[in-house]
Amino acid sequence: MAELTLVEAVNRALAHELEHDSAVLLLGEDIGVNGGVFRATLGLQQRFGCERVIDTPLAEAAIAGAAIGMAAMGLKPVVEIQFSGFLYPAMDQLINHASRLRHRTRGRLTCPMVLRAPNGGGIHAPEHHSESPEAMLAHVPGLRVVIPSSPSRAYGLLLAAIRDPDPVVFLEPTRLYRLFKQEVADDGEALPLDACFISREGRDATLVAWGGMLHEALAAADRLAEDGIDCEVIDVATLKPLDGETILRSVEKTGRCVIVQEAARTSGFGAEIAALLAERALYFLLAPVKRVTGYDVVIPLARLEHQYLPSVDRIAAAVRETMEASA
Amino acid sequence: MVADVSIPIDPLRFLAPDGALCGAPPAEAIAPELALRLYHAMARTRAYDSKAVALQRTGKLGTFASALGQEAIGVGVGAAMREEDVLAPSYRDHGAQLLRGMSMTENLVYWGGDERGSDYAVPRRDFPICVPVGTQIAHAVGAAYAFKLRGEASVAVAIIGDGGTSTGDFYSALNMAGVFDVPLVVVVNNNQWAISTPCSLETAAPTIAHKAIAAGVAGLRVDGNDALAMHHVANRAIETARSGGGATLIEALSYRLGDHTTADDATRYRDPDVVRRAATQEPIARLRNYLTKRGLWNEEDEARLGRENAEEVERAVEAYLATPPQSFAAMFDHLFAQLPPSMRDQYEEARRFASDGARHG
Ligand SMILES: Cc1ncc(C[n+]2csc(CCOP(=O)(O)OP(=O)(O)O)c2C)c(N)n1
């Protein structure tokens, strides 16, 4: 098995599907000769040709819209948007068309496309390169939103996304692209969509996170373990449709929940999980549910970014407060 | 009325690469004072630009977008604008911005990852650098509409790359400029590349200037490495707009001699021989050759200007490096005119966990 970074795992998954399914093709800005700005598509144009790995003009709306047309005609386009901060022009196409084509035509036309984009902050990128728009996308009926948190999950979930018969937005945490390596078997085995993963088992409190924040949550769990606080950590992985059962089962066991998200707080995806717990786990709760999130501000440029992003300190403090509230 | 829709493919040019005069330049377009002003401004831009790249390489600045080889575009446009005009720049337009009064320190502060770098002391009305490609063209249309409505003799100028002209925002904004008949100039910096994508993969139109035809505005091409022609064309378009003659799209032909940004490696997708050939066309040596031929410039002048620019850049870098970090509160300070009371909790949480360590880059 090869030790891969997350971005290499994405590359392997794309190569695997291009190799095994002639309907799959890739399109996006600079994905050909350059292999994409993060090199996720490195070498793929050389291997599969310009007709299946397409460098497009700089036009996100047209890229997404053309992918819809391709998908409706039996292809399986995988779009790369350079950063999630630049997918806003594609939102019109995603919301008004990709998400609804099956519904509007009563299943006559469908939209098996994947839209990939690097997501989130923490890499000292320039303005508009650190956005986390996952809640906006998860709000759209008919879209799947998937965010991997490790190389092996990126590989397995991307395969599943490409094979899925409906549109999937696949957000890759930029911070994790090269943060660590992991053994990934390039065996074409997909992971399930629409399922949360339990990344660490624990008794005292449930930490729920996704993407880059999963690692802050795991680090906080390590730190809390030194004080005898035993956290369960859940990787949401598919935000929409949400696997509420796995989260509920965990919170029924621990009685406490802290949700971690790097996007701004208001109307973020953490609020959805908190509402789920309020509706279905209230009587199991030993303490109020807490959220650790970005603030409701524009994501700061590099110098202040660390003041914005949820830190291990903030997460650990929130868990301690939850423990104290129920002591 | 049927508009004249012919756009010459040959760009307007006054200076050959060796600095010899060509075409038929009007006397005011090649006046010594103007040529010297443009030369100074280009040399100043390059001195700043190369220092910014060096700062990034040593970890003292974030990602930076160099304008190496494209100085004539920003400088030609900037010099043609009046103070009361408004610029909507992209991330590569410090040539125009420095001429308009933005300080080098401000630009460094911005690329160093600090929002205060967009709070220009001068010019107060210019838009901040626009990173989402293409979007600022519409802002310039709106600004120009405001000028027209108020009877203000100002012009809005937007600069965009060749790749940016593929965006829907570019087409729709240009179209609206035609319909509203506003005082606008859109300059396309055609440096032949949008990151790794060559202009030939951006458009199948014969030229980018032809995109003006569908919008019903004037369009033309100019040698963007010829500062005198560039300034002349920009000046004419701006004065046409100012006098109620409507919008112009200028395609300025140049070549990006550097990487797309400091985060890019152009050797992955570009033939070094082509880049070397393009470098022989670059704008600063071209104008220097012209000035030297006319006896307006010599080695001593060059050495003195080099020293002056180096000193100015050094002072700007010192001021940048000495800029104290913003406190955590800066995230909240300018979000709304007044922080909504419901955000107090978040403010207090940020205060509780505030740490220092706001480093450069
Ligand atoms: C809407 C949008 N999509 C993608 C990007 C990422 N990106 C930044 S610059 C660039 C290429 C722009 O090329 P061009 O417009 O020719 O201008 P140049 O950088 O060459 O001056 C791309 C794709 C972006 N900033 N905005």
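1. B:Asp223 comes out as buried, because its relative accessibility is just 6% and the cut-off for buried is under 20%. Keep in mind that this is a predicted model. The partner of B:Asp223 is B:Arg13, and their closest N and O atoms sit 2.7 Å apart in a salt bridge. B:Arg13 lies in the segment before α1 (32–57) of chain B, while B:Asp223 belongs to strand β6 (residues 218–223), so this contact ties together parts 210 residues apart in sequence. Unlike its buried partner B:Asp223, B:Arg13 is partly exposed, with a relative accessible area of 32%.

2. Also in chain B, there's a network to look at: B:Arg82, B:Glu84, B:Asp85, B:Glu239 and B:Arg242 are joined through salt bridges that share partners.

3. Over in chain A, have a look at A:Arg175 and A:Glu262, a salt bridge with 2.9 Å between the closest N and O atoms. A:Arg175 sits in the loop between β7 (168–173) and β8 (182–184), and A:Glu262 is in strand β13 (residues 257–264), so the pair links parts of the chain 87 residues apart. Both A:Arg175 and A:Glu262 are buried.

4. A:Glu232 pairs with A:Lys253, with the closest N and O atoms 2.6 Å apart. Here strand β11 (residues 231–235), home of A:Glu232, is linked to helix α9 (residues 244–254), which holds A:Lys253, and the two residues are 21 apart. A:Glu232 counts as buried because its relative accessibility is 2%, whereas A:Lys253 is partly exposed at 46%.

5. For the overall tally, searching the whole structure turns up 44 salt bridges over all chains.

Technical notes
Residues numbered from 1 in each chain as written. Chains lettered and ligands numbered in written order. Predicted model: local features only at pLDDT ≥ 70, side-chain atom pairs only at ≥ 80, totals over all residues. Heavy atoms only, no water. Salt bridge = Lys/Arg side-chain N within 4 Å of Asp/Glu carboxyl O. Helix = DSSP H or I, 4+ residues; strand = E, 2+ residues; numbered from the N terminus. Buried < 20%, exposed > 50% of the residue type's maximum accessible area, 1.4 Å probe, protein only.
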